[in-house]
Number of protein chains: 2
Amino acid sequence: MKELHSFAPPTRILMGPGPSDVSPRVLAAMAQPTIGHLDPAFVRMMDELKDLLRATYRTENSMTLPISGPGSIGMETCFANLIEPGDTVVVCQNGVFGGRMKENVVRMGGVPVMVENEWGRAVSAEDLEAALIEHPEASVVAFVHAETSTGALSDAATLAGLARSHGCLTIMDAVTSLGGVPVEIDGWEIDAVYSGTQKCLSVPPGLSPVSFSEKAMDRLRARKTPVQSWFGDLSLLDGYWAAGAKRSYHHTAPVNALYGLHEGLLALQEEGLEAAWARHRENHEALRVGLEGIGIDFVVPVDERLPQLNAVSIPEGVPDADVRGLLLEEFNLEIGAGLGALAGKVWRIGLMGTSSTAGHVELCVKSLSAALSRVSAAQA
Amino acid sequence: MKELHSFAPPTRILMGPGPSDVSPRVLAAMAQPTIGHLDPAFVRMMDELKDLLRATYRTENSMTLPISGPGSIGMETCFANLIEPGDTVVVCQNGVFGGRMKENVVRMGGVPVMVENEWGRAVSAEDLEAALIEHPEASVVAFVHAETSTGALSDAATLAGLARSHGCLTIMDAVTSLGGVPVEIDGWEIDAVYSGTQKCLSVPPGLSPVSFSEKAMDRLRARKTPVQSWFGDLSLLDGYWAAGAKRSYHHTAPVNALYGLHEGLLALQEEGLEAAWARHRENHEALRVGLEGIGIDFVVPVDERLPQLNAVSIPEGVPDADVRGLLLEEFNLEIGAGLGALAGKVWRIGLMGTSSTAGHVELCVKSLSAALSRVSAAQA
């Protein structure tokens, strides 16, 4: 093995699709000494974390906790618990992550019915309704609230209402929406939701907050087959996260990562959810003005745009990777590449959580303008 | 919601079954600014991490990487990839974690054949051989190298050799062994192994290093059914951890946790694996002398004992929880309770990684002696 040294990351400004910039207070919280995951002090913090997550998700759901893994494990937890082999699941796809939902359905032995939407557009309620009429056997509807791959925001209240009126539970991906735009789990009657920490919560990646309604828990309790994942079986996780003496060992929680999530959620509550949503919207407006000023257009129609994730078209003839490379090397600025069908066609500019400030907007517009000039001069 | 504040953990000395004490250098590494998981600097660190893990596992296996979740997800990854519905799996159980392996087999649709051993003893090679003779259809043998629930060390080389001679792949749990006693993945020809970070590596919990042999990868490639877990499908994870330009997006890696693992593995290499094993053995000997001096006996026969996890019998009439509570409250010292069949009967005293020092041994013996006197005075 070659000689290795401690890793010293470069200082970056994170304006991609996540992770977003993590505040010094969250980093400091994570660097506190590790204590035991069964320590009474730690157990009290776990209880507070559940309260903080409930407040962030706007829910009273008892089953609200952070899964000890990234958002993809949170996704898998939702599908593993609510789907049994043979179940029909309507999956709305308007980007990469709907496709991942389909994969989850298939791996659980379920039968996916795909509602395919144009990438860069919100999920179509009409198309969902048509699929539900055509498939009365469906038991679950799954959709992505905020498509990280395209920057489109869907109307969760309407989609969940349609699912409910057709007797289906809803699984919602709130990875990029939570903390950046309104997420109302109880208000919209969402049955299962997962998110990530590295987007608008501005906590390092690695945890996936989830929440399940009582209807979802009833479905779980009525299963005829065991949940395919021991780790993700909510009935066992519930015991681990239970308050006080009822607590039972399940796995070893990621202690320091949870310190960070506690601090990040606390910071969000101190700012106020509504204030955070307004901040995301304001900075998005400023970015829009700035980018349009240098001839950059948005992919998503104006009333379906996510304020925290801005997909913009790469101007004709501009070399995608060169510009992103320049931004990273010269300005220490990370923006995101396109994903899936949009690879090479769009950039994804994040204004998430701690990365949603007027300073980030200004830096991005200036740097991108400079990089485009540089690249175009090199091409001339 | 009641008013919440930043969480400030008490300072503890961790001598339970994990987490162990985390060094300031690892905590500091984790508190470095988060960068993007696709940043070229981060990708270089991921490559180094794979090299460090290979050195720690003593393997050349290409498929060696940290799963983005705790040891239980590492366990699930091994079973999910190597077992198809209907496969017969011989599971050696000599404690709690063999039972969890059985659960994993069942959830993957496999048929477990249990080799039940006495808790507190090593796995019996004779019993395993008998089971293999009785079940020629078996395709996998699974065992726990170091049983965290009992402190027993099994003879991995012999068990893996038996499995091989009967045409089976081996899955080994090295959660508590890695870094504390010899683990020789290539030398013993282990096909799949998982570990945790919070034991003898002294990195906070939340990651699970795994390694898979070429034979295991061949088995995976020959599967007739998809891996039940999208997240855990090694063929996809392999793409994410591939070097350089071949890398493909899978999930968002837990950036800061990986900083910590990199630093912890580096520290272990700096000390040298053999030196670390010797240190664990020496401190175990000192603890044995100290505890026997105050009338505390070990559960496991001397030649099957783990140096890093010491299961000792709770003396007759001594109230388990009171003593552990006193140790925690008065001495800030955490030791572990018994688990499963050993609950209330044993304490588990860890001397793992950074917690394996002469100072820890002295503190433990003195504090335990004082606590026992205090409790016995209260009872009198």
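This tour goes from the pair of chains to the domains of chain A and then to one sheet.

The model is predicted: local features need pLDDT of at least 70, side-chain atom pairs count only at pLDDT 80 or more, and totals for chains, interfaces and linings use all residues. Residues are numbered from 1 along each chain as its sequence is written, while chains are lettered from A and ligands numbered from 1 in the order in which they are written.

**Stop 1: both chains**

Show chains A and B together. A rotation of 180° with 0.0 Å of shift along its axis lays chain A on chain B, with an RMSD of 0.0 Å. The two copies are thus related as by a two-fold rotation axis. The superposition is by least squares on the C-alpha atoms of residues with pLDDT of at least 70 in both copies. To find the axis, select A:Gly69. Its C-alpha is 2.4 Å from the axis, the closest approach of any residue of chain A.

**Stop 2: the contact between the chains**

Chain A gives 66 residues to the contact, and chain B gives 66 residues. Two residues are in contact if their C-beta atoms, placed from the backbone, lie within 7 Å. Now colour these helices of chain A: H1 (24-30), H2 (40-57), H3 (71-82), H4 (96-107) and H9 (255-271). Each supplies at least two residues of the side that touches chain B. H9(A) has the largest share, 7 residues. Helices (H or I, at least four residues) and strands (E, at least two) are DSSP runs, numbered from the N terminus.

The copies meet through the same surface, because 100% of the interface residues of chain A are also interface residues in chain B.

**Stop 3: two domains**

Hide chain B. Colour domain 1 (13-17 + 273-379) and domain 2 (24-269) of chain A separately. These bounds come from an automatic or database domain assignment. The C-alpha centres of the two domains lie 28 Å apart. Their contact takes 23 residues from domain 1 and 22 residues from domain 2. On the domain 1 side, helix H10 (273-293) and strand S11 (309-313) of chain A each give two or more residues. H10(A) provides the largest share, 4 residues.

**Stop 4: the sheet**

Select the open sheet of chain A. Its 7 strands follow the order S2-S10-S9-S8-S5-S3-S4, with mixed pairing. Two strands pair if DSSP finds at least two bridges between them. At the edges are S2 (63-67) and S4 (111-116) of chain A, each paired on one side only.

Finish on S3 (residues 88-93) of chain A. S3 runs parallel to S4(A), joined by 6 bridges. Label A:Val89 and look across to A:Pro112 in S4(A), which stands opposite.
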